[in-house]
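Open the model in your viewer and keep the selection panel at hand. The stops below are meant to be followed in order.

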Amino acid sequence: MIANSINKSNQQTLQKEINFSGIGLHSGIYANVIIAPDSPNSGITFIRTDLKENNTIKALWSNVSSTNLSTTISNENKISVSTIEHLMSALSGMHVDNAKIFVDGPEIPIMDGSSFPFVELIEKAATQEQNNKRKILKVLKEVTVYKEDSFARIVPSNQFSIDFEIEFNSTLINKQACQLQLLNGNYKSDISYARTFGFEKDVNELRKNGFAIGGTLDNAVVVGQHKILNKEGLRFKDEFVRHKMLDCIGDLYLSGHPVEGYFYGRKSGHFLNNKLLRKLLSDEQNYKLI
Ligand SMILES: [Zn+2]
């Protein structure tokens with residue numbers, strides 16, 4: 001179980017701007033990103049600077065428009081930004097409540113496939129405490145969503161905890177479960193290094209369908225039939241399940257708040273993570289903001 005102690009004090013933003021650039025995993029499109037501090041209670045906002053109008057997209061569960069291989073959010077004018085989950089995960093893990101993210105393309109750069117580069121940049125810029133209290137989404141009732149043999153569940157708890165299990169038809173992964181404690185800064189050491197992954201056998205089909213065009217061994221773990229194709233090997237023995245947890249932390253941050261609840265996922269992914277938030281937040285008896 002991962003237990004993430006939530007700082008119940010004040011909201012935070014960045015002390016100064018962050019800049020980075022790179023290609024998108026799926027589109028292969030190069031983009032430049034600036035993350036700027038923002039005022040209290042504004043949350044996380046994406047702004048497409050390559051577009052002149054209607055270019056603002058709030059990082060909220062209700063704006064999720066696609067969960068196919070990554071999480072995409074769109075505004076009412078169908079302007080979108082995709083593969084936001086690793087950056088959202090880093091912002092959540094580093095307790096950044098308010099920030100404006102300017103990006104001049106349709107997809108957030110994949111960097112090395114993990115959220116570590118974002119964590120490092122946030123650390124360098126440093127966070128700044130603000131005057132307003134942080135609002136936490138406290139789960140009051142158990143909520144579960146299913147898809148075939150997968151599910152995502154959240155139950156009341158006094159802390160944010162994640163318990164995750166995956167299963168793949170590959171001798172290199174098989175079943176992996178991760179239950180560990182994540183307290184004060186452990187997001188960086190226990191989660192942030194875990195890279196996204198894919199299977200060598202799927203690459204051609206993915207590319208035919210317009211996915212993974214920017215994917216290389218420098219930004220994803222590629223699982224072959226008998227071995228991991230990346231020369232450097234894995235960063236954790238169970239890097240695969242840890243990456244799914246990294247994704248989950250990013251997807252849950254689209255609630256707009258740190259979550260106080262115990263998440264249990266079995267083969268969950270972007271689709272179920274978002275479905276869980278939609279169900280949780282559809283009934284005010286399920287949660288309260290404290
Ligand atoms: Zn991911």
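The tour goes from the domains to a helix, then to a sheet, and ends in the core.

**Stop 1: the two domains.** This is a predicted model. Colour residues 10-132 as domain 1 and residues 136-289 as domain 2. Their centres, taken over C-alpha atoms, are 18 Å apart. Where they meet, 31 residues of domain 1 are in contact with 31 residues of domain 2.

Now show the side of domain 1 that touches domain 2. The elements giving two or more residues to this side are α1 (85-93) and α2 (116-125). The largest share, 8 residues, comes from α1. By residue type, this side of domain 1 holds 14 nonpolar, 15 polar and 2 charged residues.

**Stop 2: helix α1.** Select residues 85-93. How many of the 9 residues of α1 are buried? The count is 9 of the 9, so α1 is largely enclosed by the rest of the structure. The buried residues include E85, H86 and S92 as well as L87, M88 and L91.

To see what covers the buried residues of α1, add β5, β10 (99-103), α2, α3 (186-192), α5 (239-252) and α6 (270-281); these elements are included in the cover. Then step just past α1 to H95, which takes a positive phi of about 60°.

**Stop 3: the sheet.** Display the open sheet of 5 strands, in the order β3-β4-β10-β5-β6. Its pairing is mixed, and the twist averages 20° from one strand to the next. Look at the edges: β3 (18-23) and β6 (56-58) each have a single partner strand, so one side of each is left without a neighbour in the sheet.

Zoom in on β5 (residues 44-48) and β6, which run antiparallel and are joined by 3 bridges. Here F46 has I57 of β6 as its bridge partner.

**Stop 4: the nonpolar cores.** In soluble globular proteins, nonpolar side chains tend to be buried together. Which residues have the most contacts inside the largest nonpolar core? Select L91 and M245; the core they belong to has 64 residues. Helix α5 gives the most to this core, with 7 residues. With the domain colours still on, note that at least three residues of this core come from each of domain 1 and domain 2.

Finally, find another core that lies apart from this one. This second core has 5 residues, among them I23, L25, I110 and A212.

Note on methods. Residues are numbered from 1 along each chain as its sequence is written. This is a predicted model: local features need pLDDT of at least 70, side-chain atom pairs count only at pLDDT 80 or more; totals for chains, interfaces and linings use all residues. Domain bounds come from an automatic or database domain assignment. Two residues are in contact if their C-beta atoms, placed from the backbone, lie within 7 Å. Helices (H or I, at least four residues) and strands (E, at least two) are DSSP runs, numbered from the N terminus. Ala, Val, Leu, Ile, Met, Phe, Trp, Tyr, Cys and Pro count as nonpolar, Asp, Glu, Lys and Arg as charged, and the others, Gly among them, as polar. Two strands pair if DSSP finds at least two bridges between them. Axes are lines fitted to C-alpha atoms, for helices over the stretch in contact, and angles run from 0 to 180 degrees between N-to-C directions. A residue is buried if 20 or more other C-beta atoms lie within 10 Å of its own, exposed if 12 or fewer, and partly exposed in between; C-beta atoms are placed from the backbone. A nonpolar core is a set of buried Ala, Val, Leu, Ile, Met, Phe, Trp, Tyr and Cys residues joined through C-beta atoms within 7 Å.
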